[in-house]
Amino acid sequence: MKTSLAKRCAAMAAMAVCMMPAAAASADGGKVFNAVVATDGTGDFTSVQQAIDAAPAGRTSPWLIFVKAGSYKEVVSIPKDKPFIHLIGQDKERTVIHNALNVGGKPQPGTPAKDTAYWACSVHNPASPVYKAGGSVVTVEANDFYTTGISYVNDYGVGSQRGPQALAMKSRGDRAGFFDCKLRSFQDTWMTTQNDSYRHYVKDCFIEGAVDYFYGGGDALLENCTLYNVRRGSVIVAPCHDKARWGYVFRNCTIDGNAEAARDAKTALGRPWHNSPRAVYIHTTMRIPIAPRGWSDMGAIPALFAEYDSRNADGSPVDLSQRKSTYKGRGDNPPTGSCPNTVSKAEADRMVYENIIPGTDGWDPRAMMQRLPAPKAVKAEGGSLTWQPVSGAIGYVVLSGPSVVAITAAPSLSPAPATPEGGLRVRAVNRYGTLGE
């Protein structure tokens with residue numbers, strides 16, 4: 001009887017830990033994250049926008065918002081007066097911020113029904129649930145935004161596989177960092193800043209689309225990212241740089257796509273939207289065939305549309321001899337101009353993190369993205385779960401399968417949660433919010 005009662009009490013205690021709001025489940029009473037978002041009510045907020053609204057303005061250090069796995073159907077806006085928002089997802093495959101919206105205008109009378117389906121989720125339609133919403137699922141006006149472990153999805157673009165413009169992300173501020181995220185739509189998936197002195201650093205991300213799906217301005221360095229094309233004749237970038245020093249630089253990235261995109265060599269690396277844009281692909285693996293000309297016209301004359309060391313899926317060098325270098329401008333008598341279509345090794349070696357990203361303020365987003373090692377000596381005994389502290393950790397997330405059991409600032413949890421068949425996992429959190437191994 002005593003043993004049975006003890007087991008029952010232990011189980012109830014474990015259940016109580018599981019049901020505690022994660023932000024409050026700290027063994028020492030402190031919070032690891034400033035706010036926790038969870039659709040099931042086990043956090044401080046049930047929507048991401050609620051957490052943004054509650055965040056203080058004028059921060060000069062990170063405000064950490066942890067978003068538990070879940071489907072967050074909303075339109076999110078981070079205003080200019082709320083810098084240093086760090087939006088940390090539990091897992092990019094399970095933590096999804098999404099909505100269905102586009103910016104298409106009212107269809108003309110007589111337009112075939114198949115061509116007016118977009119109107120149901122246009123931000124200009126008074127009957128639409130997203131009427132007067134911003135033109136993107138997520139809009140970041142503030143500087144010093146950082147995010148990891150989240151998928152940003154425009155459901156209209158992904159579901160319809162057609163236009164009009166349907167942004168998943170619009171990031172307009174300086175010092176924007178994206179790590180291990182997914183961004184998905186069809187037309188204009190991600191618009192970067194139009195201030196050419198602003199910087200983006202994007203690492204280990206998956207970006208999906210078909211039409212100009214990474215576009216805008218600013219100096220943006222993308223490393224180890226996948227650019228995933230979803231139709232025949234996709235166009236990856238459409239920059240509009242005017243005075244950018246570097247423009248868009250892709251290093252060690254992969255160009256991939258579905259069967260339709262891979263069907264023939266129609267995919268274009270980019271086209272010049274406005275001004276004198278710059279885009280360079282360095283050490284790129286091209287898993288689908290790219291159009292021999294590489295680039296296409298859009299009405300501007302690029303300052304630099306070029307490649308270095310492009311490779312096929314098997315590692316063989318790509319033939320760049322037919323790459324486009326002459327472009328036609330806009331107007332009745334359009335001007336023409338030219339730009340290099342390749343860069344030298346010496347030039348490519350200058351287009352690196354150390355030259356593009358730190359600037360004069362020493363911004364170092366790689367430090368934010370550094371995953372701490374997995375905690376060692378995790379064990380459950382004496383009614384407690386313990387592990388060795390991880391140097392640099394501000395706290396730990398304890399998981400059971402896909403579920404967060406607790407978030408604790410101490411290297412222990414008491415009482416220990418019930419151990420499932422697959423065991424428990426502990427991940428250290430660095431001071432920027434990134435989850436460790």
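These are my notebook entries on confidence, pockets, one strand residue and the nonpolar cores of this structure.

**Entry 1, confidence.** I began by recording that the model is a predicted one, with a mean pLDDT of 92 for the protein and 93% of the residues scoring at least 70. I then looked up the stretch formed by residues 1-29, where the pLDDT is below 50 and where the model nevertheless holds 32 contacts beyond near neighbours in sequence.

**Entry 2, largest pocket.** I turned next to open space, bearing in mind that a probe the size of a water molecule, rolled over the atoms, shows where empty space remains. For the largest pocket I noted a volume of about 200 Å³ and a lining of 17 residues, with Gln90, Asp91, Lys92, Arg427 and Leu435 lying nearest its centre. When I asked which strands contribute, I found that β5 (85-89) and β34 (424-429) each supply at least two residues of this lining. By residue class I wrote down seven charged, six polar and four nonpolar residues for the lining of the largest pocket.

**Entry 3, second largest pocket.** The second largest pocket has a volume of about 160 Å³, and among its 12 lining residues I listed Asp40, Thr42, Lys68, Ser403 and Val404 as the closest to the centre. Strand β32 (residues 403-408) gives the most to this lining, namely three residues. Here I recorded six nonpolar, four polar and two charged residues in the lining of the second largest pocket.

**Entry 4, Thr139.** Is Thr139 buried or exposed? I located Thr139 in strand β7 (residues 136-140), and I entered Thr139 as buried because its relative accessibility is 10%, where the cut-off for buried is under 20%. Setting aside neighbours within four places in sequence, I found Thr139 in contact with Val76, Ser77, Ile78 and Lys170.

**Entry 5, nonpolar cores.** I closed with the cores, since nonpolar side chains in soluble globular proteins tend to be buried together. The largest nonpolar core has 59 residues, and those with the most contacts inside it are Ile65, Leu87, Ile97 and Tyr152. I followed Tyr152 further and, leaving aside neighbours within four places in sequence, listed its contacts, among them Leu87, Ile97, Val138, Phe145, Ala168, Met169, Cys181 and Leu183, and also Thr147, Lys182 and Arg184. I also recorded a second, separate core of 32 residues, which includes Phe66, Ile88, Ala306 and Ala348.

Terms used. Residues numbered from 1 in each chain as written. Predicted model: local features only at pLDDT ≥ 70, side-chain atom pairs only at ≥ 80, totals over all residues. Heavy atoms only, no water. 1 Å grid on protein atoms, 1.4 Å probe; cavity = no way out; pocket = protein on both sides within 12 Å on 5 of 7 lines; lining within 4 Å. Points joined across faces, edges and corners; volume = space filled by probe spheres on them. Helix = DSSP H or I, 4+ residues; strand = E, 2+ residues; numbered from the N terminus. Nonpolar A, V, L, I, M, F, W, Y, C, P; charged D, E, K, R; others polar. Buried < 20%, exposed > 50% of the residue type's maximum accessible area, 1.4 Å probe, protein only. Contact = heavy atoms within 4.5 Å. Core = buried A, V, L, I, M, F, W, Y, C linked by side-chain atoms within 4.5 Å. pLDDT = per-residue confidence, 0-100.
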